[in-house]
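Visitor: I am new to this structure and would like a close look at a single part of it. Could you take me through one helix and the places it leads to?

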Amino acid sequence: FIVHGHDGLDEISVCAATRVSELKDDMIRTYDLNPEQFFGELADAEDMRGGTPEVNADITKRILTGEEKGPKRNVVLLNAAMALVAAGKAADAQEGIHKAEAVLDSGKAMEKLNDLVKFMQEN
């Protein structure tokens, strides 16, 4: 996939449609992915704002532990979902969202981050 949010993001957006070019079976197909079809509405760009490194780390932790709900989580879910589709681990974005939700809500995503931190500290 090559993606570009109509709001200028270089990733899949939840604030606007995203143009997707997909290479599959030697064919390129281009289409728009609309976050409303997955989350019922577009997010407001203001809801996506972060802050200081400490604030952003807290937001990330809350997403990875399943505590954070809303637009910030949704953008992670939709981007992860499409990565799962690209990897052949989900048939479509909806299935990918369900799988990504399960990983976040189970705490496995945070566990993996903790494993990475431990590895980096030891190596």
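Guide: Let's start inside helix α4, where Lys99 and Glu95 sit four residues apart, about one turn of the helix. Please keep in mind that this is a predicted model. The side chains of Lys99 and Glu95 meet in a salt bridge, with 3.5 Å from N to O. Side chains of opposite charge can pair when their charged atoms come close. Lys99 is partly exposed, because its relative accessible area is 38%, and Glu95 is partly exposed too, with a value of 30%.

Now move along helix α4 to Asp105, whose side chain meets that of Lys69 in a salt bridge of 3.5 Å, N to O. Lys69 belongs to the loop between α2 (53-64) and α3, while Asp105 belongs to helix α4, so this pair ties together parts that are 36 residues apart in sequence. Asp105 also forms a salt bridge with Arg73, and here the closest N and O atoms are 2.9 Å apart. That pair, too, links distant parts of the chain, since Arg73 lies in helix α3 and Asp105 in helix α4, 32 residues apart. How buried or exposed are the two partners, Asp105 and Arg73? Asp105 has 42% relative accessibility, so it counts as partly exposed. Arg73 has 4%, which is under the 20% limit, so Arg73 counts as buried.

These pairs belong to a wider set: a search of the whole structure finds eight salt bridges. Elsewhere, Arg62, Glu67 and Glu68 are linked in a network of salt bridges.

Let's return to Glu95 and look across to Val85. The two are 10 residues apart in sequence, and their C-alpha atoms are 8.6 Å apart in space. Val85 has its place in helix α3, and its relative accessibility of 18% means that it counts as buried.

Val85 also brings us to the largest pocket. Rolling a probe the size of a water molecule over the atoms shows where empty space is left. The largest pocket has a volume of about 290 Å³. Its lining is made of 17 residues, and those nearest its centre are Phe1, Glu22, Tyr31, Val85 and Ala91. The elements giving two or more residues to this lining are β2 (18-24), β3 (27-33), α1 (36-39), α3 (71-86) and α4 (93-106), so our starting helix, α4, is among them. By kind, the lining residues divide into 11 nonpolar, two polar and four charged.

Two of those elements, β2 and β3, have a loop between them, and Asp25 is found there. Asp25 has phi near 55 degrees, a positive value in a residue other than glycine. Asp26 is found in the loop between β2 and β3 as well, and its phi is also positive, at about 65 degrees, although Asp26 is not a glycine. Asp25 is exposed, given its relative accessible area of 67%, and Asp26 counts as exposed at 76%.

One last stop is helix α5 (residues 108-122), where Leu113 lies. Leu113 counts as partly exposed because its relative accessibility is 31%. Together with Leu116, Val117, Phe119 and Met120, Leu113 forms a nonpolar patch on the surface, and the five have about 460 Å² of accessible area together.

How values were computed. Residues numbered from 1 in each chain as written. Predicted model: local features only at pLDDT ≥ 70, side-chain atom pairs only at ≥ 80, totals over all residues. Heavy atoms only, no water. 1 Å grid on protein atoms, 1.4 Å probe; cavity = no way out; pocket = protein on both sides within 12 Å on 5 of 7 lines; lining within 4 Å. Points joined across faces, edges and corners; volume = space filled by probe spheres on them. Nonpolar A, V, L, I, M, F, W, Y, C, P; charged D, E, K, R; others polar. Patch = residues over 30% accessible without salt bridge, like charges linked within 9 Å, V, L, I, M, F, W, Y side chains within 5 Å. Areas by Shrake-Rupley, 256 points an atom, 1.4 Å probe, with all protein chains shown as cover. Salt bridge = Lys/Arg side-chain N within 4 Å of Asp/Glu carboxyl O. Buried < 20%, exposed > 50% of the residue type's maximum accessible area, 1.4 Å probe, protein only.
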